[in-house]
Amino acid sequence: MARLLLIEDDLTIRTPLLRGLRERGHAVAAASTALDGLRDALEDRPDLVVLDLGLPDLDGGELLRMLRAVSSVPVIVATARDDEAEIVRMLDAGADDYLVKPFTAAQLDARARAVLRRSAGDPATDPVLVVGGLRIDPRARQVTLDGAPVELTPREFDLLHHLAGRPGQVVTKRELLTEVWRIPYGGADKTVDVHLSWLRRKLGESAQDPRYLHTVRGVGVRLDAPGSAR
(Lines give C-alpha, C1' and ligand atoms only; values in the text may rest on other atoms or scores of the structure.)
Protein backbone atom coordinates (compact mmCIF):
# COMPACT_ATOMS: atom_id res chain seq x y z
CA MET A 1 0.00 0.00 0.00
CA ALA A 2 1.44 3.37 -1.04
CA ARG A 3 0.91 6.58 0.93
CA LEU A 4 -0.13 9.35 -1.44
CA LEU A 5 -0.64 13.08 -0.89
CA LEU A 6 -3.13 14.75 -3.25
CA ILE A 7 -2.71 18.53 -3.44
CA GLU A 8 -5.87 19.68 -5.25
CA ASP A 9 -8.20 22.56 -4.42
CA ASP A 10 -11.17 21.58 -6.61
CA LEU A 11 -13.53 19.51 -4.46
CA THR A 12 -15.33 18.05 -7.51
CA ILE A 13 -11.99 16.59 -8.67
CA ARG A 14 -10.48 15.79 -5.27
CA THR A 15 -13.40 13.76 -3.89
CA PRO A 16 -13.68 11.13 -6.68
CA LEU A 17 -9.89 10.82 -6.91
CA LEU A 18 -9.63 10.21 -3.17
CA ARG A 19 -12.36 7.58 -3.34
CA GLY A 20 -10.92 5.89 -6.44
CA LEU A 21 -7.34 5.76 -5.16
CA ARG A 22 -8.44 4.42 -1.77
CA GLU A 23 -10.50 1.73 -3.49
CA ARG A 24 -7.31 0.70 -5.27
CA GLY A 25 -5.51 0.15 -1.98
CA HIS A 26 -3.67 3.43 -1.43
CA ALA A 27 -3.65 5.46 1.77
CA VAL A 28 -4.42 8.96 0.53
CA ALA A 29 -4.30 12.31 2.32
CA ALA A 30 -5.37 15.58 0.72
CA ALA A 31 -4.51 19.26 0.92
CA SER A 32 -6.32 22.12 -0.81
CA THR A 33 -3.57 24.77 -0.70
CA ALA A 34 0.10 24.85 -1.63
CA LEU A 35 1.32 25.73 1.85
CA ASP A 36 -0.78 23.01 3.50
CA GLY A 37 0.51 20.58 0.91
CA LEU A 38 4.13 21.55 1.56
CA ARG A 39 3.64 21.13 5.31
CA ASP A 40 1.98 17.72 4.88
CA ALA A 41 4.66 16.53 2.46
CA LEU A 42 7.44 17.42 4.90
CA GLU A 43 5.73 16.23 8.09
CA ASP A 44 3.98 13.06 6.85
CA ARG A 45 6.61 11.96 4.27
CA PRO A 46 4.27 10.36 1.69
CA ASP A 47 5.56 7.91 -0.90
CA LEU A 48 4.29 10.13 -3.73
CA VAL A 49 2.74 13.58 -4.23
CA VAL A 50 0.05 14.35 -6.83
CA LEU A 51 0.22 18.09 -7.49
CA ASP A 52 -2.26 20.42 -9.18
CA LEU A 53 -0.72 23.61 -10.59
CA GLY A 54 -3.71 25.96 -10.20
CA LEU A 55 -3.74 26.33 -6.43
CA PRO A 56 -5.37 29.31 -4.67
CA ASP A 57 -2.41 30.57 -2.62
CA LEU A 58 0.64 29.70 -4.72
CA ASP A 59 1.25 28.34 -8.21
CA GLY A 60 1.95 24.63 -8.13
CA GLY A 61 5.12 25.13 -10.15
CA GLU A 62 6.53 27.28 -7.37
CA LEU A 63 5.51 24.66 -4.81
CA LEU A 64 7.31 22.00 -6.86
CA ARG A 65 10.53 24.04 -6.76
CA MET A 66 10.17 24.55 -2.99
CA LEU A 67 9.54 20.85 -2.48
CA ARG A 68 12.49 19.82 -4.65
CA ALA A 69 14.80 22.02 -2.59
CA VAL A 70 14.17 19.90 0.51
CA SER A 71 12.79 16.53 -0.64
CA SER A 72 13.22 13.86 -3.32
CA VAL A 73 9.65 12.53 -2.96
CA PRO A 74 8.27 11.49 -6.38
CA VAL A 75 5.83 14.05 -7.80
CA ILE A 76 3.16 13.66 -10.48
CA VAL A 77 1.88 16.99 -11.79
CA ALA A 78 -1.85 16.61 -12.49
CA THR A 79 -3.30 19.69 -14.14
CA ALA A 80 -5.46 21.09 -16.92
CA ARG A 81 -2.45 22.86 -18.46
CA ASP A 82 -1.57 20.96 -21.62
CA ASP A 83 0.96 23.34 -23.21
CA GLU A 84 4.07 21.41 -24.26
CA ALA A 85 6.42 24.12 -23.00
CA GLU A 86 4.74 23.96 -19.57
CA ILE A 87 5.04 20.16 -19.51
CA VAL A 88 8.76 20.34 -20.28
CA ARG A 89 9.25 23.13 -17.72
CA MET A 90 7.65 21.08 -14.93
CA LEU A 91 9.57 17.93 -15.83
CA ASP A 92 12.79 19.94 -15.87
CA ALA A 93 11.86 21.41 -12.47
CA GLY A 94 11.80 17.90 -11.00
CA ALA A 95 8.37 16.39 -11.68
CA ASP A 96 8.50 12.64 -12.29
CA ASP A 97 5.42 12.55 -14.52
CA TYR A 98 2.77 14.89 -15.94
CA LEU A 99 -0.91 14.03 -16.32
CA VAL A 100 -3.38 16.32 -18.12
CA LYS A 101 -6.98 16.66 -16.89
CA PRO A 102 -9.47 15.18 -17.30
CA PHE A 103 -8.28 11.75 -16.17
CA THR A 104 -9.69 8.91 -14.09
CA ALA A 105 -8.53 7.49 -10.78
CA ALA A 106 -7.54 4.34 -12.68
CA GLN A 107 -5.22 6.33 -14.95
CA LEU A 108 -3.68 8.16 -11.99
CA ASP A 109 -3.24 4.86 -10.14
CA ALA A 110 -1.37 3.37 -13.12
CA ARG A 111 0.91 6.42 -13.39
CA ALA A 112 1.53 6.39 -9.63
CA ARG A 113 2.50 2.71 -9.62
CA ALA A 114 4.85 3.26 -12.58
CA VAL A 115 6.56 6.24 -10.89
CA LEU A 116 6.90 4.34 -7.62
CA ARG A 117 8.47 1.37 -9.42
CA ARG A 118 11.01 3.66 -11.08
CA SER A 119 11.82 5.55 -7.91
CA ALA A 120 12.22 2.38 -5.83
CA GLY A 121 14.87 0.95 -8.15
CA ASP A 122 16.59 -2.37 -7.61
CA PRO A 123 20.17 -2.42 -6.28
CA ALA A 124 20.84 -5.62 -8.18
CA THR A 125 19.95 -4.03 -11.51
CA ASP A 126 20.98 -0.43 -10.84
CA PRO A 127 24.79 -0.59 -10.51
CA VAL A 128 27.34 2.19 -10.39
CA LEU A 129 28.33 3.07 -13.97
CA VAL A 130 31.91 3.93 -14.91
CA VAL A 131 32.85 5.37 -18.30
CA GLY A 132 36.44 6.60 -18.44
CA GLY A 133 36.86 9.05 -15.56
CA LEU A 134 33.09 9.36 -15.07
CA ARG A 135 31.51 7.51 -12.15
CA ILE A 136 27.69 7.59 -11.90
CA ASP A 137 26.04 6.24 -8.74
CA PRO A 138 22.26 6.00 -9.42
CA ARG A 139 21.29 5.12 -5.84
CA ALA A 140 23.12 8.08 -4.33
CA ARG A 141 22.46 10.13 -7.49
CA GLN A 142 26.06 11.32 -7.42
CA VAL A 143 28.53 11.87 -10.24
CA THR A 144 32.29 12.29 -10.08
CA LEU A 145 34.68 13.15 -12.90
CA ASP A 146 38.29 12.10 -12.33
CA GLY A 147 37.45 11.87 -8.63
CA ALA A 148 35.93 15.36 -8.34
CA PRO A 149 32.17 15.75 -7.66
CA VAL A 150 29.99 17.10 -10.46
CA GLU A 151 26.86 18.99 -9.37
CA LEU A 152 23.98 18.13 -11.69
CA THR A 153 20.29 18.96 -11.71
CA PRO A 154 17.92 15.95 -11.46
CA ARG A 155 17.25 16.05 -15.20
CA GLU A 156 20.94 16.38 -16.09
CA PHE A 157 21.67 13.38 -13.89
CA ASP A 158 18.92 11.31 -15.54
CA LEU A 159 20.22 12.27 -18.99
CA LEU A 160 23.82 11.33 -18.17
CA HIS A 161 22.76 8.11 -16.45
CA HIS A 162 20.71 7.05 -19.47
CA LEU A 163 23.61 7.69 -21.85
CA ALA A 164 26.15 6.03 -19.55
CA GLY A 165 24.02 2.89 -19.56
CA ARG A 166 24.62 2.68 -23.32
CA PRO A 167 28.31 3.60 -23.76
CA GLY A 168 29.44 3.73 -27.36
CA GLN A 169 25.86 3.64 -28.67
CA VAL A 170 24.15 6.47 -30.53
CA VAL A 171 21.00 7.39 -28.59
CA THR A 172 18.33 9.30 -30.50
CA LYS A 173 16.51 12.38 -29.24
CA ARG A 174 13.27 10.42 -29.58
CA GLU A 175 14.55 7.86 -27.08
CA LEU A 176 15.83 10.54 -24.70
CA LEU A 177 12.52 12.40 -24.68
CA THR A 178 10.59 9.18 -24.12
CA GLU A 179 12.86 7.58 -21.52
CA VAL A 180 14.34 10.58 -19.68
CA TRP A 181 11.62 13.23 -19.97
CA ARG A 182 8.73 10.76 -20.26
CA ILE A 183 7.06 12.81 -22.97
CA PRO A 184 6.30 11.86 -26.59
CA TYR A 185 8.62 13.00 -29.33
CA GLY A 186 7.52 15.92 -31.44
CA GLY A 187 8.83 19.45 -31.43
CA ALA A 188 10.40 19.32 -27.95
CA ASP A 189 13.82 18.05 -29.01
CA LYS A 190 15.27 21.53 -28.40
CA THR A 191 15.14 20.78 -24.67
CA VAL A 192 17.51 17.83 -25.26
CA ASP A 193 19.99 20.14 -27.00
CA VAL A 194 19.83 22.66 -24.16
CA HIS A 195 20.40 20.03 -21.46
CA LEU A 196 23.25 18.47 -23.42
CA SER A 197 24.86 21.91 -23.63
CA TRP A 198 24.53 22.39 -19.86
CA LEU A 199 25.86 18.87 -19.23
CA ARG A 200 28.86 19.42 -21.50
CA ARG A 201 29.71 22.63 -19.67
CA LYS A 202 29.72 20.81 -16.33
CA LEU A 203 31.92 18.07 -17.77
CA GLY A 204 34.39 20.68 -19.02
CA GLU A 205 33.82 20.18 -22.73
CA SER A 206 31.91 21.62 -25.66
CA ALA A 207 30.17 20.39 -28.79
CA GLN A 208 33.15 21.65 -30.81
CA ASP A 209 35.69 19.94 -28.53
CA PRO A 210 33.94 16.89 -27.03
CA ARG A 211 35.51 14.44 -24.60
CA TYR A 212 32.55 12.30 -23.53
CA LEU A 213 29.44 13.56 -25.33
CA HIS A 214 29.65 13.23 -29.11
CA THR A 215 26.87 14.53 -31.35
CA VAL A 216 26.05 12.40 -34.37
CA ARG A 217 24.42 14.93 -36.66
CA GLY A 218 20.86 14.07 -37.63
CA VAL A 219 20.82 10.99 -35.40
CA GLY A 220 21.52 11.68 -31.73
CA VAL A 221 24.32 11.63 -29.17
CA ARG A 222 26.89 9.06 -28.07
CA LEU A 223 28.75 8.86 -24.75
CA ASP A 224 32.30 7.50 -25.02
CA ALA A 225 35.32 7.43 -22.77
CA PRO A 226 38.06 9.79 -24.05
CA GLY A 227 40.38 8.01 -26.44
CA SER A 228 37.88 5.33 -27.43
CA ALA A 229 38.50 4.18 -30.95
CA ARG A 230 35.79 5.08 -33.46
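Identify the residue in E2 that is the bridge partner of leucine 6, and then place strand E1 within its sheet.

**Solution.** In this predicted model, where local features need pLDDT of at least 70, side-chain atom pairs count only at pLDDT 80 or more, and totals for chains, interfaces and linings use all residues. Residues are numbered from 1 along each chain as its sequence is written, and side-chain values use heavy atoms, with hydrogens and water left out.

Start with leucine 6, whose bridge partner in E2 is alanine 30, and go on to isoleucine 7, which is partnered in E2 by alanine 31. Helices (H or I, at least four residues) and strands (E, at least two) are DSSP runs numbered from the N terminus, and two strands pair if DSSP finds at least two bridges between them. Strand E2 (residues 27-31) is joined to E1 by 5 bridges, and the two run parallel.

Next, look at strand E3 (residues 48-51), which pairs with E1 in the parallel sense over 4 bridges; here leucine 6 stands opposite valine 50. Finally, widen the view to the open sheet of 5 strands, which follow the order E2-E1-E3-E4-E5 with parallel pairing. Its edge strands are E2 and E5 (97-100), each of which pairs on one side only, and the twist averages 20 degrees from one strand to the next.

Decide how far strand E1 is enclosed, and describe the helices that accompany it.

**Solution.** Apply the burial scale, on which buried means under 20% relative accessible area, exposed over 50%, and partly exposed in between (1.4 Å probe, protein chains only). Of the 5 residues of E1 (residues 3-7), 4 are buried, so the strand is largely enclosed by the rest of the structure.

Then follow the chain through E1, helix H1 (residues 11-23) and E2, which together make a right-handed β-α-β unit; a crossover is right-handed if, with the strands pointing away from the viewer, the path from the first strand over the helix to the second runs clockwise. H1 has 13 residues and spans 18 Å from its first C-alpha to its last, close to the 18 Å expected at 1.5 Å a residue, where the expected span is 1.5 Å times one less than the number of residues. The buried residues of H1 are Arg14, Leu17, Leu18, Gly20 and Leu21, and after the helix comes glycine 25, with a positive phi near 95 degrees.

As a last step, add helix H2 (residues 34-44), which lies across E1, E2 and E3 and runs at about 165 degrees to E1. Axes are lines fitted to C-alpha atoms, for helices over the stretch in contact, and angles run from 0 to 180 degrees between N-to-C directions.

Work out the strand order of the sheet that holds E10, E11 and E12, and trace its hairpin.

**Solution.** Begin with the order, E10-E12-E11, in an open sheet of 3 strands with antiparallel pairing. Strands E10 (170-172) and E11 (213-216) stand at the edges with a single partner strand each, so one side of each has no neighbour in the sheet. The twist averages 35 degrees from one strand to the next.

Then turn to E11 and E12 (residues 220-223), which are joined by 4 bridges and run antiparallel; histidine 214 stands opposite arginine 222, and leucine 213 has leucine 223 as its bridge partner. The hairpin formed by E11 and E12 has 3 residues between the strands, and glycine 218 in the turn has a positive phi of about 80 degrees.

Which residues have the most contacts inside the largest nonpolar core, and is histidine 162 buried or exposed?

**Solution.** A nonpolar core is a set of buried Ala, Val, Leu, Ile, Met, Phe, Trp, Tyr and Cys residues joined through side-chain atoms within 4.5 Å. The largest has 46 residues, and Val49, Leu134, Leu163 and Leu176 have the most contacts inside it, while H6 gives the most to this core, with 5 residues.

Contact means heavy atoms within 4.5 Å, and, not counting residues up to four places away in sequence, leucine 163 touches Val171, Leu176, Leu196, Leu213, Val221 and Leu223. Histidine 162 is placed in helix H6 and is buried, with a relative accessible area of 10%. Helix H6 (residues 154-164) itself lies across E10, E11 and E12, running at about 70 degrees to E12.
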